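Biologist: Could you take me through the ligand site and the cysteines of this model, step by step?

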Amino acid sequence: MSNSAVIAILGGTGNLGTGLARRWAQAGYRVIIGSRTQEKAEHAVAELKALMDERGVDAVAVEAMDNQSAAEAADIAALTVPFAHHRSTLESLRGALQGKILIDVTVPLVPPKVARVQLPEEGSAGQIAQEILGDDVKVVSAFQNVAAVHLQEGSELDCDVLVCGNNKEARATVINLVEAAGLRGFHAGSIANAAAVEAMTSLLIFINKQYQCHAGIKLTGVDE
Ligand code: NAP
């Protein structure tokens, strides 16, 4: 995929969204930070541009929009909102996302017990997204096992990303974006398999608390 693709990050003002925005902007993609409010999106863009300026990286291709305009302008969209707002956000953007790839990073955490696996009845957040958006949207689940703090650091990451989705080409596109973000990405099967990846995050949260760290996962015995 050429890095002329426009990537919208919906709910991109938060922890994971700003981390991904930074990584993809750094890799030369045109990135739109989406928000419920234009003002908040502009604030996030200004912060990102200041950070990139500081490091001498050109970030003119980062823009601010409300989520609806961002989804409409995107070639590829990533959804980075908490699970509690996953369904309502997808329902409101369903029309704008038709025919596109939607990268779903959502972990279906149920506070306060976020270190306990509590998957939804439908199987996973990724499956819920695919059901809401319909077959004309290629939902690809990724990045659930990466701590936002590492993405925000901007340096090379010794961390793998398992990529699930029903369409192989869409998965390959997202694997390219994972690599552009400085991580290794792997095909990990259909969207039904997102359940395993999403569940793994609660284990990692438990490990983070136990060992005071920001753990990720790493595959062994596989060459890219
Ligand atoms: P966050 O910072 O708490 O929130 C992200 C954004 O969600 C906010 O900036 C906000 O954007 C939007 N939002 C908040 N309330 C909303 C509502 N009622 N309706 C629509 N949008 C709303 O979340 P996060 O930590 O970045 O996590 C985002 C997603 O990434 C989650 O699903 C999480 O499971 C997943 N994830 C996070 C991490 C991590 O380390 N944080 C790691 C892996 C996966 P606006 O106010 O600008 O609209």
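Modeller: A residue counts as near the ligand if one of its heavy atoms lies within 4 Å of it. Please keep in mind that this is a predicted model.

Biologist: How many residues surround the ligand, and which are the closest?

Modeller: By that cut-off of 4 Å, the ligand is surrounded by 21 residues. The closest are Thr-13, Ser-35, Arg-36, Lys-40 and Val-81.

Biologist: How do the residues of the shell divide into nonpolar, polar and charged?

Modeller: The shell around the ligand contains 2 charged residues. The remainder of the shell is made up of 10 polar and 9 nonpolar residues.

Biologist: Which residue has a backbone N or O atom 2.9 Å from an oxygen atom of the ligand?

Modeller: Two contacts to ligand oxygen atoms involve side chains instead, with a polar atom of Thr-13 at 2.6 Å and an N or O atom of Arg-36 at 2.8 Å. The backbone atom that lies 2.9 Å from a ligand oxygen belongs to Ala-148.

Biologist: What percentage of the ligand's accessible area does the protein cover?

Modeller: The space that the ligand takes is the largest pocket. On its own the ligand has 890 Å² of accessible area, and the protein covers 78%.

Biologist: How many disulfides does the structure hold?

Modeller: A disulfide requires two cysteine sulfur atoms within 2.5 Å. For Cys-159, the nearest cysteine sulfur is that of Cys-213, 12 Å away, while for Cys-164 the nearest is that of Cys-159, 15 Å away. Neither Cys-159 nor Cys-164 is in a disulfide, and the number in the structure is 0.

Biologist: Is Cys-164 buried or exposed?

Modeller: Buried means under 20% relative accessible area, and Cys-159, at 5%, meets that cut-off. Cys-164 has a relative accessibility of 0%, so Cys-164 counts as buried.

Notes: Residues numbered from 1 in each chain as written. Predicted model: local features only at pLDDT ≥ 70, side-chain atom pairs only at ≥ 80, totals over all residues. Heavy atoms only, no water. Polar contact = N/O pair within 3.5 Å; in protein donor to acceptor, adjacent residues only side chain to side chain. Areas by Shrake-Rupley, 256 points an atom, 1.4 Å probe, with all protein chains shown as cover. 1 Å grid on protein atoms, 1.4 Å probe; cavity = no way out; pocket = protein on both sides within 12 Å on 5 of 7 lines; lining within 4 Å. Sits in = over half its atoms within 2 Å of the grid points. Nonpolar A, V, L, I, M, F, W, Y, C, P; charged D, E, K, R; others polar. Buried < 20%, exposed > 50% of the residue type's maximum accessible area, 1.4 Å probe, protein only.
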